[in-house]
Amino acid sequence: MTVKLIGPLLHLWFRLSRGLTLGVRGAVIDQEGRVLLVRHTYVAGWHLPGGGVEAGETAQEALARELAEEGGILLTAPPRLHGLCFNDHASARDHVLVYEVRHFKRTGRPRPVREIAAADFFPLDALPEGATPGTRARLSEITAGLPPAQHWRAANAREDPGRPELR
């Protein structure tokens, strides 16, 4: 119960205390074509692992930290930047850097922690029920080699309100 209350309060504090928020998400795809997804304790659905970039931290450092914390993943080579999405569903100031991660080592089976209820690998062609639209869209872009949508919830660049030239 406490974690379910702390998460929304932290999000509210971040919204009020920061002019712009920057987060990272990693599409961690293994050699078997499976992707790591996490289910949070404070929001519904399956998501790409990630979180906020802290003061004094690079985006890649934040990604490495979040992947280790949420999925027991150790990067063994630099991730590839897929793109930057405006996540106006979360707030009017939230931006997310999305990385493709193909070179990594598992340091152990992901286990639930304070903010993560579950973490597991799923086949890209059989994502779990509850995988969010933004998660599905970013994975579709990455696997098809498409450019990223500018808005997190856009299903693809052609549906993106930030990309009228593609409509």
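"Buried" here means under 20% relative accessible area. Keep that cut-off in mind for the two helices below, and remember that this is a predicted model. We'll take helix α2, then helix α3, then an open sheet.

**Helix α2**
- Going by that cut-off, the buried residues in α2 are Ala59, Ala62, Leu63, Glu66, Leu67, Glu70 and Gly71.
- Look down the axis of α2 and its buried residues fall within an arc of 130°, so they line one face of the helix.
- That fits a general rule: an α-helix has 3.6 residues a turn, so residues three or four places apart point the same way.
- As for partners, the buried residues of α2 pack against β1, β2, β4 (50-52), β5 (73-75), β7 and β9.
- α2 runs over residues 59-71, and its 13 residues reach 17 Å from first C-alpha to last, close to the 18 Å expected at 1.5 Å a residue.
- Just after α2 comes glycine 72, with a positive phi of about 65°.

**Helix α3**
- Twelve residues (133-144) make up α3; at 1.5 Å a residue they should span 16 Å, and the end C-alpha atoms are indeed 16 Å apart.
- Buried in α3 are Gly134, Thr135, Ala137, Arg138, Leu139, Glu141 and Ile142.
- Their cover includes β1 (21-28), β2 (34-40), β3 (46-47), β6 (80-86) and β7 (94-101).
- Glycine 145, just after α3, takes a positive phi of about 70°.

**The open sheet**
- Three strands line up as β3-β2-β9, with antiparallel pairing.
- β3 and β9 (116-123) sit at the edges with a single partner strand each, so one side of each has no neighbour in the sheet.
- β2 and β9 pair over seven bridges, and histidine 40 has isoleucine 116 in β9 as its bridge partner.

Notes: Residues are numbered from 1 along each chain as its sequence is written. This is a predicted model: local features need pLDDT of at least 70, side-chain atom pairs count only at pLDDT 80 or more; totals for chains, interfaces and linings use all residues. Side-chain values use heavy atoms; hydrogens and water are left out. Helices (H or I, at least four residues) and strands (E, at least two) are DSSP runs, numbered from the N terminus. The expected span of a helix is 1.5 Å times one less than its number of residues. Buried means under 20% relative accessible area, exposed over 50%, partly exposed in between (1.4 Å probe, protein chains only). Contact means heavy atoms within 4.5 Å. Two strands pair if DSSP finds at least two bridges between them. The arc is that of the directions from the helix axis to the C-beta atoms.
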